Amino acid sequence: MLTEGRETVRAYLRESADTKRRSAEVCDEAIVAAADLVAQAFRGGGKVLLCGNGGSAADCQHMATEFVSRLTKSFERPGLPAIALTTDTSFLTAFANDCGFDGVFERQVQALGRPGDVLIGISTSGNSPNVVLAVKHARGAGLRSVVLTGIGGVLASLADVAISVPSTDTQHIQEAHLAIEHLICWLVERDLFAAPAASMAGRNGL
């Protein structure tokens, strides 16, 4: 049992690391473009809205927290306006009950989004109907959009910037998404607050 378990652990972690390695090779330009889009929004007085389901919903809350609070203890800066559209259980359950679940994010983008804001949609499949509708509405309402996906799906073709992790394994895509989300926050806050952005070495609090 111990030997088999150790082999499973090693294989899983190697696969996860390989997904991140391949993401570094193919997603680097999109990550920088996404960070630039978000920084432009904040600089212009806009905000970030985030949507996703399941583990991706948790990612939305995590990323919004990093913006509003801070990413690292070693880098002090003002809070940045970001809202996870996954947290208001009264709205989510009321709208889903009365109107259906597909529109729960689209409705919030309609109510809260303004031209100049950025919507970040997270979907490992790239096909989550409620995220697709939210991104489509954002485009028509003058918001810019960033999506984090895996291989495939329609979301990549709808967004201003698409970060598509080169994998079809949901777990490994989610693991890579978390690293990418941290990177976007790191790049944005240092772009806005003029700190040297040469290295993430020595960071604290991730």
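When I say helix today, I mean a DSSP run of at least four residues labelled H or I, and the helices are numbered from the N terminus. Please also keep in mind that what we are looking at is a predicted model.

With that in hand, let me begin at helix α1, which covers residues 2-26. Both R21 and E25 lie in this helix, 4 residues apart, which is about one turn of the helix. Their side chains meet in a salt bridge, with 2.9 Å from N to O. R21 is partly exposed, at a relative accessible area of 41%, while E25, at 52%, counts as exposed. This pair belongs to a network of salt bridges that links D18, R21, R22 and E25.

Let me turn now to the sheet. How many strands form it, and in what order do they come? There are 5 strands, arranged as an open sheet in the order β2-β1-β3-β4-β5, and the pairing is parallel. β2, at residues 82-84, and β5, at residues 161-164, stand at the edges with a single partner strand each, so one side of each has no neighbour in the sheet. Direction ignored, neighbouring strands of this sheet are turned against each other by 15 degrees on average.

I would like to spend some time on β3, residues 118-122. On one of its sides strand β1, residues 48-52, runs parallel to it and is joined to it by 5 bridges, and within that pairing C51 has G121 as its bridge partner in β3. With β4, too, β3 pairs in the parallel sense over 5 bridges. There I120 stands opposite V146, and the bridge partner of G121 in β4 is V147.

As a reminder, in a regular strand the side chains alternate between the two faces of the sheet. In β3 both faces are covered, since V118, I120 and I122 on one side and L119 and G121 on the other are all buried. That makes 5 of the 5 residues of β3 buried, so this strand is largely enclosed by the rest of the structure.

The route from β3 onward goes through helix α6, residues 129-140, and together β3, α6 and β4 make a right-handed β-α-β unit. Strand β4 is likewise largely enclosed by the rest of the structure, because 5 of its 6 residues are buried. This strand, residues 144-149, also pairs with β5 in the parallel sense, over 4 bridges, and here V147 stands opposite A162 in β5. Helix α8, residues 170-192, packs on the sheet and touches β3, β4 and β5, and its direction makes about 145 degrees with that of β4.

Helix α8 brings me back to charged side chains, for which the total count in the model is 9 salt bridges. One of them joins R77 to E189, with the closest N and O atoms 2.8 Å apart. R77 lies in the loop between α3 and β2 whereas E189 is in helix α8, so this pair ties together parts that are 112 residues apart in sequence. Are these two residues buried or exposed? R77 counts as buried at 10% relative accessibility, and E189 counts as buried at 0%. Another salt bridge is formed by the side chains of E76 and R70, at 2.3 Å from N to O. Here E76 is exposed, with a relative accessible area of 59%, and R70 counts as partly exposed at 29%.

Finally, a word on the cysteines, for anyone thinking about disulfides. The structure holds 0 of them. C60 is in no disulfide, and the nearest cysteine sulfur, which belongs to C51, is 6.1 Å away; the cut-off for calling a disulfide is sulfur atoms within 2.5 Å. C60 counts as buried, at 0% relative accessibility. What about C99, and why is it not bonded to C51? The sulfur of C99 is 17 Å from that of C51, its closest cysteine sulfur, which is too far for a bond. C99 is exposed, with a relative accessible area of 55%.

To close, the picture I would leave you with is a parallel, open sheet of 5 strands, with β3 largely enclosed by the rest of the structure and helix α8 packed on the sheet.

Notes:
Residues numbered from 1 in each chain as written. Predicted model: local features only at pLDDT ≥ 70, side-chain atom pairs only at ≥ 80, totals over all residues. Heavy atoms only, no water. Pairing = 2+ DSSP bridges. Helix = DSSP H or I, 4+ residues; strand = E, 2+ residues; numbered from the N terminus. Axes fitted to C-alpha atoms, helices over the stretch in contact; angles between N-to-C directions. Contact = heavy atoms within 4.5 Å. Buried < 20%, exposed > 50% of the residue type's maximum accessible area, 1.4 Å probe, protein only. Salt bridge = Lys/Arg side-chain N within 4 Å of Asp/Glu carboxyl O. Right-handed = clockwise from strand over helix to strand, strands pointing away.
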